[in-house]
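Grab a pencil and open the viewer. Try each exercise yourself before you read its solution.

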Amino acid sequence: MYYTITRSLFILKVKRTRVSWMLMFCTLGMQLNHVLRTRILISKNDAKVADAQGQGGILNGDGFLDHGFTRPKVLILLPLASIAFWVVKRLIQLTPSKHKVNIEHMDRFTEEFGSGGVESEEEDEDVENSKRKKSSKPSDFQSLFGGNNNDHFMIGIKYMGRKIKLYADFYSSDIIVASPLGLITKIGAAEVEKEKDIDYLSSIEVLIIDHADVILMQNWSHVNTVVEQLNRLPVKQHGTDIMRIRPWYLDGQAQFYRQTIILGSHLNPDVNSLFNRHCLNYEGKVKLVCLYKGVLPKVLIPVRQIYERFEADSIADVDDARFQYFCKKVFPKIKDSIQGGIMLCISSYFEFVRLRNFLKSQEALFCLLGEYTKQSDISRGRVWFFQGQRKIMLYTERAHFYHRYKIRAIQKLIIYSLPERKEFYPEIVNMLEGSQNMSCTVLFSRFDQFRLERIVGSASAKRMITSEKGVFVFC
């Protein structure tokens, strides 16, 4: 049998390193092998069936059960067009020569998806390093956003004997490469217009979610919606020979034969939930995790980092508990202080809105720097904060992810919720450089263990979560 029956995987990988690219390279090779061998099997069976029908006979047997409801077998979810550009070019590179004599619409694909970025990083490392030295942005930002940053795309790839067709119709494609946003748009259109459907997701046998950590900075709920739509019974037949459909499709059991591979730099409760709820391969699942040393040594200034633990009964109550702790323990000190330059760092937009409304109710002087804040308001707010006209600034992790601002005049840093990406912690704390009486306060609970261990290290995080003490200091 040439179809994939293997365990679901979650693999941690370091972003933008040769190891991570090699890992994805091998993954693509396996999926390409699956697609090509499936096409070869179907072609041979088509020939046998045609010969049998020509002689007036009928062929029976499990060997001829080689179809799903629709043709697409592999779905690759990626966050940015620059990464999709790299993935598709690698798929073409890995394809045996006899299957890629002609590649249709390559010029269109290069124009729409390519602009250097990821490709130049690997092929001309010296040039890329030179560009990074000239830029004030961190190297990981340059690697990620150095190419086409479009996050709304979807493309079908079809293998036809000696030819590869890009931009193939989704129902005739073998591989679909899409962003979660691009696919969620198709799902939404199918729900509104009855003549449209997404049955091309009904027979996906391999799902690859790469750069899961980047998708988390976009909208992970889109991924959940997409995965929930996979392997459902189709609403139309789409010309499929029912006599050749594999039995587990007809029985509605296809999700138990789908291989799901999730690649990301760190584990997260949202990713964990997807892995536990929707990775249901009957062979089981494998999760590769690692121990962290932490990023505290990357804090280059002599600042006391005070970690304050608050208690929460459950993960459902942690947001309310964090807010109550801030209102009762932290904000009174801010309100009574005459010191300005207070920056509140928040990882979630919902927390951002909650704190904004609270500060309004307290008539506090503050400015906003969030992912949805207008550029004119951001520029004005940064000037006000620097000049002391606004005492408090609210700063979100996603705003830092997309822009990597360097905020000046910070005197007191309060990390309301730890950042998802560990490299952001030293970047933000180091913004205190040059300040007088600098201080840093971090709020956390036992439900923040994943984030905490990436920042302070696995051993320290375990001690901080289980200790009877509630306050910890790092210098």
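Below are five exercises, each with a solution in steps.

This is a predicted model, so local features need pLDDT of at least 70 and side-chain atom pairs count only at pLDDT 80 or more, while totals for chains, interfaces and linings use all residues. Residues are numbered from 1 along each chain as its sequence is written, and side-chain values use heavy atoms, with hydrogens and water left out.

**Exercise 1. Describe the whole chain.**

Step 1: Start with the secondary structure, where the protein chain has 18 helices and 16 strands. Here helices (H or I, at least four residues) and strands (E, at least two) are DSSP runs, numbered from the N terminus.

Step 2: Now look at burial: 52% of the 475 residues count as buried. Buried means under 20% relative accessible area, exposed over 50%, and partly exposed in between (1.4 Å probe, protein chains only).

**Exercise 2. Work out how strand β7 sits among its neighbours.**

Step 1: Remember that in a regular strand the side chains alternate between the two faces of the sheet. In β7 (residues 206-209), Val206 and Ile208 point one way, Leu207 and Ile209 point the other way, and all are buried.

Step 2: Find the partners (two strands pair if DSSP finds at least two bridges between them). Strand β2 (residues 74-77) runs parallel to β7, joined by 4 bridges, and Leu77 stands opposite Ile209.

Step 3: Strand β8 (residues 259-264) also pairs with β7 in the parallel sense, over 4 bridges. There, Ile261 is the bridge partner of Ile208.

**Exercise 3. Find what covers helix α9.**

Step 1: List the buried residues of α9, which are Trp220, His222, Val223, Val226, Val227 and Gln229.

Step 2: Check their contacts (heavy atoms within 4.5 Å). The cover includes β2, α7 (180-192), β7, α8 (212-216) and α11.

Step 3: See what follows the helix: Asn231, whose phi is positive, near 60°.

**Exercise 4. Compare the largest pocket with the largest cavity.**

Step 1: Get the terms straight. On a 1 Å grid over the protein atoms alone, a cavity is a set of points where a 1.4 Å probe fits but cannot get out, and a pocket is an open set with protein on both sides within 12 Å along at least five of seven lines; lining residues have an atom within 4 Å of a point. Grid points are joined across faces, edges and corners, and a volume is the space filled by probe spheres set on the points.

Step 2: The largest pocket holds about 990 Å³ of space. Of its 31 lining residues, the closest to the centre are Asp270, Ser348, Phe350, Glu420 and Arg451.

Step 3: Cavities of 30 Å³ or more number 2, and the largest has about 70 Å³ of space. Its lining includes Cys345, Tyr395 and His400. The elements giving two or more residues to that lining are β11 (342-346), β13 (392-396) and α15.

**Exercise 5. Are His238 and Arg404 buried or partly exposed?**

Step 1: Place His238 in the loop between α9 and α10 (247-250). His238 has a positive phi of about 60° although it is not a glycine. At 31% relative accessibility, His238 is partly exposed.

Step 2: Place Arg404 in the loop between α15 and β14 (412-415). Its phi is positive too, near 50°. With a relative accessible area of 5%, Arg404 is buried.
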